[in-house]
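Colleague: I'd like a close look at the empty space inside this one. Take your time and walk me through it.

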Amino acid sequence: MSARDLGVLVVLCGAIFLEGSDVAMLNVALPAIRTDLGLTTTELSGVVTAYVVGYGGFMLLGGRAADVFGRRRMFLTWLVVFLLFSGLGGFATEGWMLLLARFVTGIAAGFLTPAGISLITTSFAEGPARNRALIIYGAAGAAGFSLGLVAGGLLTSIGWRWVFFAPVLIAAVLLALAIPLLTEPPHDGRRGRLGVPAALTLTVSMVLFAFGLTLLERVHETGVPAVGTLLLATALLVVFAFGQRRAADPLIRPGLLRAPGLAAANVTALLFAGSFYGFQFLTTLYLQELRGWTPLQTGLAMLLMALDVVLAPTLAPRLVQRFGVRRVIAGGLLAGLVAYTLFLRADLDWAYAAMVPTMVGIGFMFALVYGPLAIAATDGVAGSDQGIAGGLLNTSLQFGAALGISAATAVQVAALGAATGPEAGLDAIRAAIGVPIAFVLLGAVVITVGRRPHSTRRADGDQSTGAVSASASEESLAACLPREPDPSGPASAPAPTR
């Protein structure tokens with residue numbers, strides 16, 4: 001990479017690091033925020049889901065806006081919005097102010113993320129250079145979340161408002177670097193139009209879906225409104241789908257949704273994210289509210305999950321090349337299943353050493369699932385649809401997070417009922433851990449039996465011949481691995497894929 005290319009990658013990785021650390025720092029600070037602002041458990045989870053509503057609801061629109069209005073322009077504009085509203089969250093004195101700040105910050109992330117990804121794919125040449133950049137980009141996001149847990153603990157020990165002010169400082173530095181470094185990539189002259197009516201219909205539908213999921217947390221109180229909101233969201237989605245079939249320049253090409261493997265990958269992504277975020281929310285409550293651990297201790301306890309930062313770019317590509325995408329994803333989900341199940345043994349005086357297998361197992365799950373899901377979601381998809389396919393995957397991940405937190409909260413609240421005391425709280429958390437267990441198990445089933453493109457079938461093994469080969473997507477990922485000299489050619493020539 002040239003110095004400028006390296007600078008561009010630093011800025012874009014810094015942005016995804018910022019988004020990951022922003023979420024993680026807030027999660028650790030939740031109990032302190034509850035104590036200071038007097039929030040209920042439902043309001044507390046709403047602080048998290050408000051961000052997810054904005055992020056997931058506007059992700060597809062953000063991707064389209066980057067294509068239409070320019071990726072650099074969208075990146076810089078929404079980085080400024082992220083900076084301003086993260087700062088507003090730090091000044092919140094009421095629950096509604098915090099919810100508003102997190103919702104708009106989520107919207108900013110929904111525009112910022114697809115703009116950043118598309119800047120990488122258009123700034124680096126297709127092949128090993130782009131693949132390395134994308135793997136580093138993904139590892140930066142994972143590192144942001146893992147290190148954000150520790151940083152959140154440190155900042156919360158000073159004051160929970162610093163959890164919001166720290167991202168402001170990081171965003172300001174990134175903005176100062178981005179303005180001179182980022183350039184608008186050339187486009188192919190087919191930007192098209194935003195399609196405001198279709199975009200608004202889809203966005204409102206996504207927001208209503210996310211809001212309906214948050215209502216499910218209090219389903220015993222809001223049964224009819226929750227179901228009504230989800231039905232309205234579904235109706236708007238049907239209207240959007242019919243409109244897209246007749247549109248000359250559709251926001252989402254209808255044929256894309258019929259791509260083999262796309263549905264299975266996105267459903268699996270939703271279940272995977274739901275399992276992790278639901279478990280992480282419950283673990284934070286267990287460690288801080290039942291065990292009395294400080295936010296810093298909580299962050300350090302979860303730091304072992306950061307194993308994926310090392311394993312994702314080293315182990316995952318080799319396993320994908322050897323065993324195929326779907327087998328690796330299923331194996332990772334089963335590692336998560338074991339990890340969640342082990343946590344059911346938790347007690348009020350549980351030693352940290354007993355938690356280590358769970359934290360390590362979750363690290364392995366992330367390493368084997370997160371990156372390969374991107375391959376599964378885009379394999380067999382035309383090059384012109386790769387951007388929107390990536391947007392669909394990120395949307396599934398965000399809505400999975402909302403669904404997982406909402407479902408885990410609903411079970412925990414219902415199991416607790418009117419009971420009080422640490423033992424009752426522990427029993428309620430144990431019951432709620434059944435949600436991530438069910439999600440990750442179902443995800444393993446979906447990715448195993450779901451329809452797949454021809455290249456992925458080859459990668460997972462041809463049943464008639466027993467042959468195992470890598471798909472085109474896997475070969476591009478494997479290009480990031482060290483290569484052996486080709487004995488049949490010049491020393492500089494890459495070795496054929498084994």
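How many cavities of 30 Å³ or more does the structure hold?

Modeller: Just one cavity of 30 Å³ or more turns up. Before the details, a caveat: this is a predicted model, where local features need pLDDT of at least 70 and side-chain atom pairs count only at pLDDT 80 or more, while totals for chains, interfaces and linings use all residues. Residues are numbered from 1 along each chain as its sequence is written, and side-chain values use heavy atoms, with hydrogens and water left out.

The largest cavity has a volume of about 30 Å³. (On a 1 Å grid over the protein atoms alone, a cavity is a set of points where a 1.4 Å probe fits but cannot get out; a pocket is an open set with protein on both sides within 12 Å along at least five of seven lines; lining residues have an atom within 4 Å of a point.) Grid points are joined across faces, edges and corners, and the volume is the space filled by probe spheres set on them.

Around the largest cavity sit Leu12, Ala15, Ile16, Glu19, Phe75, Leu112, Thr113, Gly116 and Tyr137. Helix 1 (3-37) and helix 4 (95-123) each put in at least two of the lining residues, and helix 1 has the largest share, with four. (Helices are DSSP runs of H or I, at least four residues, numbered from the N terminus.) By class, that lining has six nonpolar, two polar and one charged residues; here Ala, Val, Leu, Ile, Met, Phe, Trp, Tyr, Cys and Pro count as nonpolar, Asp, Glu, Lys and Arg as charged, and the others, Gly among them, as polar.

For an open counterpart, try the second largest pocket, with about 720 Å³ of space. Its lining runs to 24 residues, with Met206, Leu237, Leu257, Leu392 and Ser396 nearest the centre. Helix 7 (196-215), helix 8 (219-246), helix 9 and helix 14 (386-416) each give two or more residues to that lining, which divides into 18 nonpolar, four polar and two charged.

Helix 9 (residues 262-290) also holds Thr283. Thr283 counts as buried because its relative accessibility is 2%, where buried means under 20% (1.4 Å probe, protein chains only).

How far to trust it? The chain averages a pLDDT (the predictor's confidence in each residue, from 0 to 100) of 79, and 82% of the residues score at least 70. Among the elements, helix 16 (residues 434-449) has the highest mean, 94, and helix 18 (residues 472-478) the lowest, 41.

Notes: Buried means under 20% relative accessible area, exposed over 50%, partly exposed in between (1.4 Å probe, protein chains only).
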